[in-house]
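Colleague: I'm new to reading protein models. Could we go through one together, bit by bit?

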Amino acid sequence: MAQLNFTLDTEILKGLFTLEGRDRAMAKVMEAVLNQVLDAQLTEQIGADPYERTDERCAYRNGHRMRQMKTRVGTLELLIPRLRNGQFSTDLFHRYQRSEQALVLAMMEMVINGVSTRKVENITEELCGTSFSKSTVSKLCESLDPIVEDFRNRPLEKHYPFVIVDAIYVKVRENKRVRSKGLLIAIGVNHEGYREVIGFAAADSESETSWNNFFQSLKERRLTNVDIVVSDAHKGLMKAIKRQFQGAAWQRCQTHFSRNILDNCPKSIQPEIKERLRLLYDAANETIAREQLSTMFEDYNDKASKAMKILEEGFDDIISVLNLPLKYRKRLRTSNSIERLNQEIRRRERVIRIFPNEASLIRLIGALLMEHDEKWSSGRKYLEMDQYFQSLKEKPHHKNDKNADVA
């Protein structure tokens, strides 16, 4: 192999020992080293040094062409050899491309994890000696689109007896105006006991039509035999659940329900009402829960008549989980699991503030949801499902054809 030889001039040596000129001096050193590496590779491929006559020669030099390489210490100007009767090959740039791809992936990950594109621009300037503009970073992130779409539209081949749904509102720029968009999200607990993000979509509002379309898309991806759907009591959502999941039970989120009750109580009795609601939620069965309802109504109807009316009207919807074995009730009586996911979305969304378009919303939040889905699928089971399936066998009139598609 050819030996590399180069000398450092006075300017480079001086720069190496000063804070201001160190990066530029290092860039010059790297240029010299890499250009000699390229010349050495050329000599090996040709089989002869410059002007050397030998029978082993297989090609002739034909000058150089300039190519830039961006590195942490700055932009290098490299001289790529040319051959008169062949193509010069080097793995130097293949290795660089791998590093460049790693940088691109790192930038994408920064954006997904809540670093603004402006900050990414500053970080890449600091690390690479060059800046990537906001538009460049955004364009690079577009390579996520097919990956997110594959995840979003994948067939739901497992059985998901438990489904939890919610919506979160974000700001999106559309037709030169900033609009509020709903991001509809559904997570499911599959028959093995793992959580999955089974669907998400952007919508103009939480209307019945929006939720109908969303649920229909899940069913078209083979979501069937849902046993219980957990959500808050948004009217459009409630109607869509009844229409699209006939035969499934609806569990109204007890956390949202409690807030509604307490908001309609005098502050003086809120602590005791909260404790009585806790006892009602923890009832061993429906009979005991109804007894709790009756005593609460007797004790507080005069003091908080509106709250007691809300409790009476919503009672059947908040105790649906009592038909499940005890170990499943705590995690399925609220939408807290999806609320925690919403908090992660909010953390990223606060940095971005306004999504430039709907595609960017789906892209970035979709990548975040994919990340959580992977964590869930490779982590601990959310629920052990043996008792649930055993309880189904013990029910006298259990059917396996729940939630057939509604015409």
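Colleague: Which residues in α7 meet α8, and which residues in α8 do they meet?

Modeller: Keep in mind that we're looking at a predicted model. Two packed helices are described by the angle between their axes and the distance between the axes. For helix α7 (residues 208-220) and helix α8 (residues 235-244), the angle is about 35 degrees and the axes are 8 Å apart. The α7 side brings E208, W211, N212, F215, Q216 and K219, and these meet G236, L237, K239, A240, I241, R243 and Q244 in α8.

Colleague: Is the crossing of α7 and α8 left-handed or right-handed?

Modeller: Handedness depends on whether the near helix is turned clockwise or anticlockwise from the far one by less than a right angle. Clockwise gets the name that fits here, so the crossing of α7 and α8 is right-handed.

Colleague: How far apart are the end C-alpha atoms of helix α12?

Modeller: Helix α12 covers residues 305-318, which makes 14 residues. At 1.5 Å a residue, that should span 20 Å. The model agrees with this, with the end C-alpha atoms 19 Å apart.

Colleague: Where is the kink in α12 centred?

Modeller: The helix bends by about 35 degrees. The residue at the centre of that kink is E312.

Colleague: Which residues of α12 are buried, and what covers them?

Modeller: An α-helix has 3.6 residues a turn, so residues three or four places apart point the same way. The buried set in α12 is A307, M308, I310, L311, G314, F315 and I318. Their cover includes β7 (249-252), α9 (254-263), α10 (270-281) and α11 (286-300).

Colleague: What about I319, is that residue buried or exposed?

Modeller: I319 is in the loop between α12 and α13 (326-332). Leaving aside neighbours within four places in sequence, I319 touches Q251, L280, E286 and A289. Its relative accessibility is 7%, and the cut-off for buried is under 20%, so I319 is buried.

Colleague: How far is the C-alpha atom of I319 from that of R290?

Modeller: Along the chain, I319 and R290 are 29 residues apart. In space, their C-alpha atoms are separated by 9.7 Å.

Colleague: Which residue in the loop between β3 and β4 has a positive phi although it is not a glycine?

Modeller: Most residues other than glycine have a negative phi, and most peptide bonds are trans. In the loop between β3 (162-174) and β4 (177-189), one residue goes the other way, with a phi of about 65 degrees. Its relative accessibility is 81%, so it counts as exposed. The residue is K176.

Colleague: And N225, how does its accessibility count?

Modeller: N225 is in the loop between α7 and β6 (228-231). Its phi is positive too, near 55 degrees. With 26% relative accessibility, N225 counts as partly exposed.

Colleague: Which residue just after α14 takes a positive phi?

Modeller: Helix α14 covers residues 336-352, and its end C-alpha atoms are 24 Å apart, which agrees with the expected 24 Å. Its buried residues include I338, L341 and I345. Just after α14, phi is about 70 degrees at R353.

Colleague: How many disulfides does the model have?

Modeller: Counting one takes two cysteine sulfur atoms within 2.5 Å. C58 is exposed at 51% relative accessibility, while C265 is buried at 8%. The disulfide count comes to zero.

Note on methods: Residues are numbered from 1 along each chain as its sequence is written. This is a predicted model: local features need pLDDT of at least 70, side-chain atom pairs count only at pLDDT 80 or more; totals for chains, interfaces and linings use all residues. Side-chain values use heavy atoms; hydrogens and water are left out. Helices (H or I, at least four residues) and strands (E, at least two) are DSSP runs, numbered from the N terminus. The expected span of a helix is 1.5 Å times one less than its number of residues. The bend at a residue is the angle between axes fitted to the seven residues ending there and the seven starting there. Buried means under 20% relative accessible area, exposed over 50%, partly exposed in between (1.4 Å probe, protein chains only). Contact means heavy atoms within 4.5 Å. Axes are lines fitted to C-alpha atoms, for helices over the stretch in contact, and angles run from 0 to 180 degrees between N-to-C directions.
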